[in-house]
Amino acid sequence: MKNRKNLFIALEGIDGSGKSTQTKLLTEKLTALGHKVYSTFEPTDNQIGKMIRNIFSGKVKADNRVVAGLFVADRLDHLLNEEYGIVKKIEAGYTVICDRYCFSSYAYQGAHMDMDWVIQANSMSAQILRPDVNIFIDVSPEISMQRLHSSRDNMEIYETIDNQKLVRAKYVEAFEKLKSLEKIFMVNGDRTPDLIAHDIWNKVASMLGIEQLNAENQ
Ligand SMILES: Nc1ncnc2c1ncn2[C@@H]1O[C@H](COP(=O)(O)OP(=O)(O)OP(=O)(O)O)[C@@H](O)[C@H]1O
Ligand SMILES: Cc1cn([C@H]2C[C@H](O)[C@@H](COP(=O)(O)O)O2)c(=O)[nH]c1=O
C-alpha cells in the first residue's frame, strides 16, 4: 500500500473488547506526532443514534429490522453531514478513528437477520468510504463480560455471554465473506491495553510510513 498522510480507521470488536480504550491511546499517539485526528463512534450521539440508544437501553421497543434500518441512516448521516460528517474530515486531512462502522452492523444485525441483506443495505456507506483498515480487537467473550460487569452499573439488553459468542462468530463470518473487498487486521484482545496498543500502532505506523522515524518511541 502507498503511504498515506491521513487514514480512515475503523475499530471493531464485541462489547467490552477495548475499542474506546484503544481509540483513546491511538488518538493520543497520533496527536503527539502532529497528526490531525478526529475520533468518533457509532451509534452516534446525533438524532438517529439517540433513537438507537433508547431502543438498546429498553426505553423504546422496535423490531430488529427497524434497528438495522436506523443504523443504515445513522451511518449515512455520520458520513455525509455538512457539519460533523466523516467525509469532510477526511478531505480536510484528519485521520478519522471510528469506534464501530459497517462490520458492527454485519455482526450484530447479522446475528438476528440475513447478513447478506445487512451488507446490501449498508453498501452505500461502504462505497462512500471504506476503511483503510478495520482493526478487530479479538477478545474472548468470557473476558469481555468480566470487564463489562466490573466497569458498568447497567448492562444493555443484548450484553449476554451467549450474544457475545454469537456476535464474535458473526464477525468471523463477515470477515470471511468480505475478505477480498475489505482490509482486516486482527489483534489479540486478551492482553494488556499496552500490548494491544503496540500491535495497533505498528500497523497504523506502517500504513502512514512512519515506523522507521518513530521506532524509538514505541
Ligand atoms: N486490555 C484490557 N485489559 C483489561 N481491561 C481492559 C482492557 N481494555 C479495556 N479494559 C477495560 O474494560 C472496560 C471496557 O473497555 P472499553 O470501554 O475500552 O471497551 P469497548 O469495546 O469500547 O466497550 P463497549 O463496546 O461496551 O463500548 C473498561 O473498564 C476498560 O478500562
Ligand atoms: C455501530 C453498531 C453498533 N451496534 C451495537 C453494538 C453495541 O452493543 C451497541 C452500542 O455500542 P457501544 O460500542 O457499546 O457504545 O451498539 C450494532 O448493533 N450495530 C451497529 O452497526
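**Helix packing and the ligand site**

The crossing of α1 and α10 is right-handed in this predicted model. Two packed helices are described by the angle between their axes and the distance between the axes. For helix α1 (residues 19-32) and helix α10 (residues 193-208), the angle is about 50° and the axes are 10 Å apart. This angle makes α1 oblique to α10, since angles of 65 to 115 degrees would be needed for roughly perpendicular and angles under 35 degrees for roughly parallel.

The contact itself can be read residue by residue. From α1, the participants are T21, Q22, L25, L26, K29 and L30; from α10, they are P193, I196, A197, I200, W201, V204 and L208. By character, ten of the residues in this contact are nonpolar, two are polar and one is charged.

Turning to ligand 1, there are 16 residues around it, of which K19, S20, T21, R152 and R191 come nearest. The side chain of K19 places an N or O atom 2.5 Å from an oxygen atom of the ligand, and an N or O atom in the side chain of S20 is likewise 2.5 Å from a ligand oxygen atom. R100 also takes part, with a polar side-chain atom 3.4 Å from an oxygen atom of ligand 1.

The backbone has two features worth a look. Most residues other than glycine have a negative phi, and most peptide bonds are trans. R100, in the loop between β3 (95-99) and α5 (102-108), has a positive phi near 85°. In the loop between β2 (37-41) and α2 (47-56) lies P43, joined to E42 by a cis peptide bond with omega about -5°.

Technical notes
Residues numbered from 1 in each chain as written. Chains lettered and ligands numbered in written order. Predicted model: local features only at pLDDT ≥ 70, side-chain atom pairs only at ≥ 80, totals over all residues. Heavy atoms only, no water. Axes fitted to C-alpha atoms, helices over the stretch in contact; angles between N-to-C directions. Helix = DSSP H or I, 4+ residues; strand = E, 2+ residues; numbered from the N terminus. Parallel < 35°, antiparallel > 145°, perpendicular 65-115°, else oblique. Left-handed = near helix turned anticlockwise from the far one by under 90°. Contact = heavy atoms within 4.5 Å. Nonpolar A, V, L, I, M, F, W, Y, C, P; charged D, E, K, R; others polar. Near = heavy atom within 4 Å. Polar contact = N/O pair within 3.5 Å; in protein donor to acceptor, adjacent residues only side chain to side chain.
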